[in-house]
Amino acid sequence: MDADDGRAEPRLRSHALLLALTIALPVAEAVALWRSGLETAMALAPQVTAPAPFGAFHDLRWLLVYHRSWPAFAGEALLALAFRSGVTAATVRAAWPLDNGPPPSGRLVLHAVSFTLASEILLLPFAALLFGMAVTPVSWAFFAALPGAVVVALLIHHGVTATSWWRDAPPPRTTGWLALTFAVLTAGGAAVSVSPPALRLPVVAAVGLFNAWAWLGVVRVLAGRARRRIRPVAPAGIAVLAGAALLGVVVGLAGHRETLELEEAGRRVADQAEHTAPAGRRDDPGRIVRSERQPEPSGRPVLIVSGFNSSWDGRPQDDVLGAGFREHRFSYRGLGADGEPLPYGPRHTHRSLPALVRELGRAVEGLHRATGEEVDVVAESEGSLVTAAYLAAEPASPVRRAVLLSPLVEPGRVAFPARGDEGWGVATGWILRGVSGSVEAVSSFDLAPDSPFIRSLVDGAPVLRDLLRCPPPGADVLGLLPLADAVVSPHPSALAIDDSVVPAFHGGTLSDPTIRRAVALALDRGELPDLSIWTGAERAVSVASAAWQAPALPVTLAWPSGSAETAAPGSVAAGDGGALDCGELRAALRAWLDGHAAGRR
């Protein structure tokens, strides 16, 4: 007997319609994805009949990626609302206790529509963050989106049958069912992503069977629940969640104010240097003039390339890697007339990837000429992508060895058009602009979805998405991947570089003394530390995140081969269909970079 209502535990075999719904729809979606070549998204299929509101979260991620105009978005949003409302109403009726007649069908449908609409509105920001992570694969977006979506689900799920859900507390028993559902959907998605083809559909069907059991448990509790005194747990909880998210943004990005101060300090020092330069000498006004240069340290020349929204005031770099290295700083702003790197601020990191690749080429060549030696590169986050693109396009570069920290793995899995244009993801682009504006308003941190850098990730997706899956043609390239970034890809990483996983978050890894020592060892000996325990953890986290990704947009659908703005003829990508030929990919990358340079002249 159940402690909540005294009724006997329900039996699944007495609810044949419920079983048919919850198993058939996920299997049908999995088959459709399989046949269309979208196998990386099959981990989402079991969620199509998961207890509310997980089903709505599933629909939102498909909607945000797969629309190509405003009318299409409006039509698809209405269809998604109608489909989800119909599935919810039918599933609730099929799961209703046999000894207690269900509400009239019309009332069930109307309530399902209102609850689905409320769920979609509340879950939309979190789905948009997952979309943003598919454009720029940094893990912080995942850790902001998924916990938030789960908390919302736990707070509002009882509204699937109760019109007064906003003023009632969710029952502990149904909250437990929702938590268990999240765990099973995560495990099921992981199993689908690693199963051989013959087992994928059985795994999907098994999760669908669990969905029937979970629906039965949730509806049984809610159907016999008497009205309680007003306890607006859901609104209060959502308000606390929004406040916590806002506080997290402010605290997490508080360091940005320091970078602005450094940028301003750099400008002040540069101005002072310009006004105090000796007569007859003309230096670039953006470069710090040092009247007394320190002797150049001995050791191998190393160019350090920082990440997105970083800044540098032009002052000499402190020793990061220790003795044995001559450290130089890459400037996102470029080199002065005398070949020295200029101070730069966060806005300079927003330049397009082709422009930054050219600047990195100038910096590497200049350092090579000045020292007469091959150059090593240590790059982080955005800098890693700039470095990887440069090395792929310039196999004869004077780079001996490169260490990539927090590399951007598989960027540009989805698309959105430039402001004022229409195309795949047009509505989502405006949602991202709204999120960016909100963050900037409270933190002065510019996420800049329309910045040239982000725009180049979208436009260049056919040649960037699989860049790290091709063996580097020239330099010896090594990678240190933070464990947190295992969540950014819908499948385990299969990078064509020697890599090792470290227990860290994305970005800022050079501030860790242990990682600095690992980088120095990698540059000196070409070896990475043996951290197999974290490599295994990375694979486990990667497959566990598969169920909660945004589905990828096929290259052949959104970036037609031969497009003048995205790829050269013959470019290919392995992301969703199409055999990967690394030689063709590198040729396409060079054509894209050259085309961008020609377009600016």
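**Entry 1. A cis peptide bond.** I began with proline 53, which is placed in the loop between α1 (16-35) and α2 (54-65). I looked up the peptide bond that leads into proline 53 from alanine 52 and recorded it as cis, with omega near 5°. I note here that the model is a predicted one.

**Entry 2. A helix pair.** I turned next to helix α6 (residues 172-194) and helix α7 (residues 197-223). Their packing angle is about 175°, and their axes lie 10 Å apart. Angles over 145 degrees count as roughly antiparallel, so I entered α6 as roughly antiparallel to α7. I then listed the contact of α6 with α7 by class: 16 nonpolar, five polar and three charged residues.

**Entry 3. The sheet.** I traced an open sheet of six strands and wrote down the order β2-β1-β3-β4-β5-β6, with parallel pairing. Which strands stand at the edges? I found β2 (325-329) and β6 (498-502) there; each has a single partner strand, so one side of each lacks a neighbour in the sheet. For the twist I noted an average of 20° from one strand to the next.

**Entry 4. One strand pair and a helix on the sheet.** I examined the pairing of strand β3 (residues 375-380) with strand β4 (residues 399-405), which is parallel and runs over six bridges. Which residue of β4 is the bridge partner of valine 377? I recorded alanine 402. I also looked up helix α10 (residues 353-371), which packs on the sheet and touches β1 (300-305), β2, β3 and β4. The direction of α10 makes about 160° with that of β1.

**Entry 5. The loop after β3.** I checked serine 381, which lies in the loop between β3 and α11. Its phi is near 55°, and I marked this as a positive value in a residue other than glycine.

**Entry 6. Cavities.** I searched for enclosed space and found five cavities of 30 Å³ or more in the structure. For the largest cavity I noted about 120 Å³ of space. How many residues line the largest cavity? I counted 13, and those nearest its centre are Ala388, Ala392, Leu467, Cys470 and Pro472. Helix α11 (residues 382-393) gives the largest share of this lining, with three residues. By class, I entered the lining of the largest cavity as 12 nonpolar residues, no polar ones and one charged residue.

How values were computed. Residues numbered from 1 in each chain as written. Predicted model: local features only at pLDDT ≥ 70, side-chain atom pairs only at ≥ 80, totals over all residues. Heavy atoms only, no water. 1 Å grid on protein atoms, 1.4 Å probe; cavity = no way out; pocket = protein on both sides within 12 Å on 5 of 7 lines; lining within 4 Å. Points joined across faces, edges and corners; volume = space filled by probe spheres on them. Helix = DSSP H or I, 4+ residues; strand = E, 2+ residues; numbered from the N terminus. Nonpolar A, V, L, I, M, F, W, Y, C, P; charged D, E, K, R; others polar. Pairing = 2+ DSSP bridges. Axes fitted to C-alpha atoms, helices over the stretch in contact; angles between N-to-C directions. Contact = heavy atoms within 4.5 Å. Parallel < 35°, antiparallel > 145°, perpendicular 65-115°, else oblique.
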